[in-house]
Amino acid sequence: MYNLSSYHTEDFTLLGIPGLEQYHAWISIPFCFIYLVAIVGNSILLYLIAVERSLHAPMFFFLSMLAMTDVILSTTCVPKTLIVFWFGPQKISFPGCLTQLFFLHCSFVLDSAILLAMAFDRYVAICSPLRYNTVLTPKTIIKIAVGISFRSFSIILPVVFLLIRLPFCRTHIIPHTYCEHIGVARLACADISINIWYGFCVPIMTVISDVVLIAVSYILILCAVFRLPSRDARQKALGTCGSHVCVILMFYTPAFFSILAHRFGHNVSRTFHIMFANLYIVIPPALNPIVYGVKTKQIRDRFILLFSTKCTE
């Protein structure tokens, strides 16, 4: 029925944000600024963790993973998005589209897994402080990092093959600023039921399991904290978790809204959904290093020392 060799020969066209085409140039200004903040902030964070020996601890290793993943998440989409904003609709090849959506979705699932690993780190640090160095050994940390990276890769790789099998014999115009799984699948002239259910159920169940485990970790942490004898000890213990809780809320709240709106929000306008999706790929990566820089004393002190030294030279 279809000529397999001609399925994917045509490029796709990224339109931008439907209904706001005349404002693309203005939208690009804050968008570009936030993206630069994300790149610079995460780069500084990675540099401080690399050069400061006091930051060579499991929590900061996971934080460096989060920073690298955030850079990948935003860099996968934002440069192409800015080109669309500045120069109008842009072509993207089918392999380029698959590559973009793979790294986009893989970074999202990996971010969730890293937040779970960081919650586990805080659980061990507060609930079993005497066993911290024996539980979270360098070998264990490497196993966790490899495991969560492989999990993210394994979950998202089938999405690529689910799209490759589809014939795109109608429109090749994507009313978005970047490629994402369901948005591309809906352009196909074939049944996409598998894409819809896999794209919704598997990643969302993975993320929900992460959220449940994070919630359990923090329930156990709170139980341990409120058993501490002194108020100062309780405040210090809760203070070490403050930045992580802020990052968790910034990540999961808009993520669940975007996923549910995409699946069930038929009354949500496409313009609002796409604008929200664009903000989601730059705002959390920009805010994460700021939150950790403000709330984590070791990073804050090292940051101040770094720039005070530069100013006196």
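Biologist: How do β1 and β2 pair, and over how many bridges?
Modeller: In this predicted model, strand β1 (residues 12-14) runs antiparallel to β2, with three bridges between them. Within β2, Lys91 is the bridge partner of Thr13.

Biologist: Which helix packs on the sheet and touches β1 and β2?
Modeller: Helix α2, residues 58-87, does so, and its direction makes about 150° with that of β2. Helix α3 packs on the sheet as well, touching β1, β2 and β3, at about 85° to the direction of β2.

Biologist: What is the strand order in the sheet?
Modeller: The order is β2-β1-β3, in an open sheet of three strands with mixed pairing. β2 (90-92) and β3 (173-174) are at the edges with a single partner strand each, so each has one side without a neighbour in the sheet.

Biologist: Back to α3. What does α3 span from first C-alpha to last?
Modeller: Helix α3 covers residues 94-127 and reaches 49 Å, close to the 50 Å expected for its 34 residues.

Biologist: Which residue caps its N-terminal end?
Modeller: Ser93 does, with a side-chain oxygen 3.0 Å from the backbone nitrogen of Gly96.

Biologist: And why is α3 called largely enclosed?
Modeller: Because 25 of its 34 residues are buried, taking buried as under 20% relative accessible area.

Biologist: Different topic: which elements have the lowest and highest mean pLDDT?
Modeller: Helix α11 (residues 297-312) is lowest at 70, and helix α5 (residues 138-164) is highest at 93. The chain mean is 84, with 92% of residues at 70 or more.

Biologist: Where does pLDDT stay under 50?
Modeller: Over residues 1-6, for which the model has four contacts beyond four places in sequence.

Definitions and conventions
Residues are numbered from 1 along each chain as its sequence is written. This is a predicted model: local features need pLDDT of at least 70, side-chain atom pairs count only at pLDDT 80 or more; totals for chains, interfaces and linings use all residues. Side-chain values use heavy atoms; hydrogens and water are left out. Helices (H or I, at least four residues) and strands (E, at least two) are DSSP runs, numbered from the N terminus. The expected span of a helix is 1.5 Å times one less than its number of residues. Buried means under 20% relative accessible area, exposed over 50%, partly exposed in between (1.4 Å probe, protein chains only). A polar contact is a pair of N or O atoms within 3.5 Å; within protein, one must be able to donate a hydrogen and the other to accept it, and residues adjacent in sequence count only if both atoms are side-chain atoms. Two strands pair if DSSP finds at least two bridges between them. Contact means heavy atoms within 4.5 Å. Axes are lines fitted to C-alpha atoms, for helices over the stretch in contact, and angles run from 0 to 180 degrees between N-to-C directions. pLDDT is the predictor's confidence in each residue, from 0 to 100.
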